[in-house]
Amino acid sequence: MEVAAGEPVRVQTLSQITKASRIPSQYIQPPETRPDPHTSQITLPSISLSSHRDSAALRREIGEACRDWGAFHVIDHGVPVNLLSDMRNNGRSFFEDKELEEKMKYSCDPNLPASEGYGSRMLVESNDTVLDWRDYFDHHTMPVSRRNPSKWPDSPSNYREVVAEYSDHMHALAQKLLCLISESLGLPSSCIEEAAGEFYQNITVSYYPPCPQPELALGLQSHSDMGAITLLIQDDVGGLQVLKDGEWVTVHPVSDAIVVILADQTEVITNGQYRSAIHRAITNANRARLSVATFHDPAKTKTISPVIHPPRYKQVLYGDYVSLWYTKGPDGKRNIDALQI
Ligand SMILES: O=C(O)CCC(=O)C(=O)O
Ligand SMILES: [Fe+2]
């Protein structure tokens, strides 16, 4: 089976028609990138942000997790757990309770990178990319002037309110974490945030429908996130994998915890002291999986450079970095590795 070029395909529709059979050829990964069914499940380092903690110990744990993994869980993070479940439930309701026709009213512009709304194919100029077994809904949430709730689903009745509240909480948590990450390197608290400038925040709900051949496909191909820091929540299905010492490991989902993922601009700013995490998502034969990723990125007009000397990365205009990423595709860390001096 082939998917015709140019059609606004949604994976959820394919999943319904291909039930118990085969996936279209464009979704079949080459043997070297197919998921290994024997991958081990690990628990990421879990760090409590409780205000009762000794701050030196907290900075030490953050430093170790950033250096060893580039990704970790935070607990006692202060974000109301009901808000996390409302965000997941509302996201799921968009994908599962609305008819395709209704969902298509929110379709993103397939010709624009990172366009807001409902989509599937990540925009990469080359046509030979293997497609991800994923649909998504992207919300533009910060700066607040980018918020246009009329582009977000209007049901359940609290959908838009929940997104706005979730955005505010994730923004505050991202700021707090970047302060701790700066301090863990002996830098002034505001150092990384100042080097990144005002945050552009996008919230992407990813929906991975059941995949009849999970051993052949990926929900989301291997990549590191482009911006500064990503905060991710997921459901109990599991499927996020992180590359650790050259091996893929599956992150055991921890309910109410938030996954922190260091992204490429934090690697540049910290001059490679902390590297961005390479990650991907696998699919599941029986259950649909949902995750919500909140990206915090610099403005396109911001030039990013290392704050530690001598620099090991070339400075880069963030807008140029994004264009390159969308032209070439993610392919692990190829784009950031090209900046190394
Ligand atoms: O669904 C996941 O667990 C990963 C999502 C992700 O990495 C992304 O949206 O950039
Ligand atoms: Fe990601």
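Helices and strands here are DSSP runs, numbered from the N terminus, with at least four residues for a helix and at least two for a strand. With that in hand, P156 is easy to place: look in the loop between β5 and α5. Keep in mind as you go that this is a predicted model.

Stay with P156 for a moment. The peptide bond that leads into P156 from S155 is cis, and its omega is near -5°. Further along, H309 and P310 are also joined by a cis peptide bond, with omega about 0°. You'll find P310 in the loop between β14 (303–304) and β15 (316–317). Why bother pointing these out? Because most peptide bonds are trans, and most residues other than glycine have a negative phi.

That brings us to a couple of backbone oddities of the phi kind. D76 isn't a glycine, yet its phi is positive, near 50°. Look for D76 in the loop between β3 (71–75) and α3. D76 has 14 C-beta neighbours inside 10 Å, so it counts as partly exposed. N271 is another non-glycine with a positive phi, this time about 60°. This residue sits in the loop between α7 (264–269) and β12, and its 17 C-beta neighbours inside 10 Å mean that N271 is partly exposed too.

Now for the sheet. Eight strands make up an open sheet with mixed pairing, and if you walk across it you meet them in the order β2-β3-β11-β8-β13-β6-β5-β4. At the edges are β2 (46–48) and β4 (117–119); each has a single partner strand, so one side of each has no neighbour in the sheet. From one strand to the next, the twist averages 25°. Inside the sheet, β8 and β11 (residues 258–262) run antiparallel to each other and share 4 bridges. One pairing to pick out is L231, whose bridge partner in β11 is V260. Helix α3 (residues 81–97) packs on this sheet, where it touches β5 (135–142), β6, β8 and β13, and its direction makes about 115° with that of β13.

V260 is worth following further. Setting aside neighbours within four places in sequence, V260 is in contact with A71, F72, V74, L177, I229 and L231. V260 also turns up in the largest nonpolar core, which has 85 residues; A71, I229, V259 and V260 are the ones that touch the most other members. The element that gives the most to this core is α5, with 10 residues.

Helix α5 spans residues 159–184, and L180 is part of it. Is L180 buried or exposed? It has 21 C-beta neighbours inside 10 Å, so it counts as buried. If you leave out residues up to four places away in sequence, L180 touches L58, R59 and I62. A195 is 15 residues from L180 along the chain, and their C-alpha atoms are 15 Å apart.

Finally, the ligand. Which residues surround ligand 1? They are T204, S206, L220, D225, L232, Q234, L240, H279, A281, S291 and A293. Sorted by class, this shell has 5 nonpolar, 5 polar and 1 charged residues. Strands β6 (200–208), β8 (229–234), β12 (279–281) and β13 (289–297) each supply at least two residues of the shell. Of these, β6, β8 and β13 also appear in the order of the open sheet, and helix α3 touches them as well.

Notes. Residues are numbered from 1 along each chain as its sequence is written. Chains are lettered from A and ligands numbered from 1 in the order in which they are written. This is a predicted model: local features need pLDDT of at least 70, side-chain atom pairs count only at pLDDT 80 or more; totals for chains, interfaces and linings use all residues. A residue is near a molecule or strand if its C-beta atom, placed from the backbone, lies within 6 Å of it. Ala, Val, Leu, Ile, Met, Phe, Trp, Tyr, Cys and Pro count as nonpolar, Asp, Glu, Lys and Arg as charged, and the others, Gly among them, as polar. Two strands pair if DSSP finds at least two bridges between them. Axes are lines fitted to C-alpha atoms, for helices over the stretch in contact, and angles run from 0 to 180 degrees between N-to-C directions. Two residues are in contact if their C-beta atoms, placed from the backbone, lie within 7 Å. A residue is buried if 20 or more other C-beta atoms lie within 10 Å of its own, exposed if 12 or fewer, and partly exposed in between; C-beta atoms are placed from the backbone. A nonpolar core is a set of buried Ala, Val, Leu, Ile, Met, Phe, Trp, Tyr and Cys residues joined through C-beta atoms within 7 Å.
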